[in-house]
Amino acid sequence: MVEEITKKYHFLEGGGELGKLIRAFDWSQTSVGSIEHWPQSLRTIVDIILHSEVPMFLWWGDDMIQFYNDAYRPSLGMEGKHPLAVGQRGVECWPEIWPIIKPLIDRVKAGGATWSVDQLIPIYRNGRLEDVYWTFGYSPVRDETGKISGVLVICNETTRQVQAAQRTEESERTMRSIVEHAPVGICILKGDPLCAEVVNDIFLELVARKREDFKDRSLWEIFPEFKDHYAPAVEQVSAGGVPFEGREEKITIVRDGKPETVYVDIVIEPLKVREDDGSAEKIMVMAIDVTDKVMARKEIEESEQRYRMLITESTVAIALYTGPELRIQYVNEIMTGYWGKDLSVKGKTLREALPELDGQGFFEKFDRVYTTGQSYRGLAEEAMLNVNGKLQPFF
């Protein structure tokens, strides 16, 4: 019987799985009637649908009897409507979305057409109601009398694309939140020329700029004073995806009309690297103000320099020991001369430099000063020192 229908009605030839189902279906039990009674308009549109690689779906007649092709078939899922949807009345097939699509169908029957992009229309498939997104259009199909007898749906399921975009959007929101609440200055750059996409308050405070300064302006329009120094670093990140890291970079910021020297740790790195050429889609600039740390270290270094000069240039014997092990940090030549040593003892512990002091009570006195913080003064105390290979008394 099916072979006879195929030979008799060439428009039903082929068509894959749905072609077989349509040929085998008893259309006489529907309002469409037997295939031999189908109008030419229906035959033509079914021919187009079955032999198209584009997902297509057709409602025909007052009962909205359904036809669709293999390209549309995956959108119905593994369980649920297929293959029952073939020849079924629309209202019976789509009870879960009929309130949504019926107004669209009525608009088409009235002579209009529709187009929707990434429209959420949940349908029952795979054993449950799923959120499904569609880009689709409804168009009228006229019969031989000019009457609109069918509604053709050309559609594409975009669920994966929409969900991917949603995940990307969620990721972007998360990134923005992280940037805004980060304990360091962060600026996200994108585009050509590079412009700020996100900038947090700490970064604005550090560079002495206002948020409106970043609106519709490129990076070097905002920071012309830094272009010569940092443009090569930004270019290597942008073009090659190679991160840049600078420690204690000395920069000058104009704050309240006055130049101010600050020190920053800065990292410039790619956020997204293109697979085709390795360039960066976005760049993240992280900056930490380390001015206080640098200035504190400089003060310490200056203090140590003063210590060093005080000790080395003193006209009396002086040594500075650090830690409970009494490591010799600074010592002048007058003191090493008393010991019968030279300046090579620096860095050693006092016990290593003068082992002969062990048992003479001096290490115990040093320990009390170190542990209690109380000074000690001794007058004319005897110390036995090994000078020139001979243990001799010194006072």
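Modeller: Two strands count as paired if DSSP finds at least two bridges between them. The model under discussion is predicted, and β6 and β7 are an instance, with P140 in β6 having V151 in β7 as its bridge partner.

Biologist: How do you know that β6 and β7 are paired, and in which direction do they run?

Modeller: Nine bridges join β6 to β7, residues 148–157. The requirement is at least two bridges, so the strands pair. They run antiparallel, and together they form a hairpin with five residues between them. In that turn, G146 has a positive phi of about 90°.

Biologist: What joins β6 to β3?

Modeller: Five bridges join β6 to β3, residues 114–120, again in an antiparallel arrangement. Because at least two suffice, this also counts as pairing. S116 stands opposite F136 of β6 there.

Biologist: What makes β6 mostly covered?

Modeller: Of the ten residues in β6, which spans 133–142, seven are buried.

Biologist: Why is the pair of W27 and W38 called edge-to-face?

Modeller: The ring centres of W27 and W38 are 5.5 Å apart and the planes meet at 75°. The limits are 6.5 Å for the centres and over 60 degrees for edge-to-face, so both conditions are met. Both residues sit in the loop between α2 and α3, eleven residues apart. This is one of 19 aromatic pairs found in the whole structure.

Biologist: How do you know whether W27 and W38 are buried or exposed?

Modeller: Buried means under 20% relative accessible area. W27 has 2% and W38 has 3%, so each counts as buried.

Biologist: What is the pair of F57 and Y72 called, and why?

Modeller: The centres lie 5.1 Å apart, with the planes at 50°. That angle is neither under 30 degrees nor over 60, so the pair is tilted. F57 belongs to β1, whereas Y72 lies in the loop between β2 and α4, 15 residues away along the chain. F57 and Y72 are both buried. They also belong to one aromatic cluster, whose members include W59, W94, F136 and Y138.

Biologist: Which residues touch the most other members of the largest nonpolar core?

Modeller: In that core of 46 residues, they are W38, V46, W59, F67, W94 and Y138. The elements giving two or more residues to the core are α2, α3, β1, β2, α5, β6 and β7. Another core, of 28 residues, lies apart from it and includes C187, V207, F226 and I268.

Biologist: What is W94 in contact with, beyond its neighbours within four places in sequence?

Modeller: Its contacts are F57, W59, Q66, Y72, L76, K81, I101 and I123.

Biologist: What makes R351 a charge over a ring?

Modeller: R351 lies over the face of F363, at 4.1 Å from the ring centre. The distance limit is 6 Å, so that value qualifies. K365 lies over the face of F362 at 5.2 Å, which is also within the limit.

Biologist: How many disulfides are there, and how do you know?

Modeller: The count is zero. For C93, the nearest cysteine sulfur is that of C155, 13 Å away. For C187, the closest is in C195, at 10.0 Å, too far for a bond. A disulfide requires sulfur atoms within 2.5 Å, so C187 is in none. C93 is buried, with a relative accessible area of 3%, and C187 is buried at 2%.

How values were computed
Residues are numbered from 1 along each chain as its sequence is written. This is a predicted model: local features need pLDDT of at least 70, side-chain atom pairs count only at pLDDT 80 or more; totals for chains, interfaces and linings use all residues. Side-chain values use heavy atoms; hydrogens and water are left out. Buried means under 20% relative accessible area, exposed over 50%, partly exposed in between (1.4 Å probe, protein chains only). Helices (H or I, at least four residues) and strands (E, at least two) are DSSP runs, numbered from the N terminus. Rings of Phe, Tyr and Trp (its six-membered ring) pair if their centres lie within 6.5 Å; planes under 30 degrees apart count as stacked, over 60 as edge-to-face and the rest as tilted. A charge sits over a ring if NZ of Lys or CZ of Arg is within 6 Å of the ring centre and within 35 degrees of the ring normal. A nonpolar core is a set of buried Ala, Val, Leu, Ile, Met, Phe, Trp, Tyr and Cys residues joined through side-chain atoms within 4.5 Å. Contact means heavy atoms within 4.5 Å.
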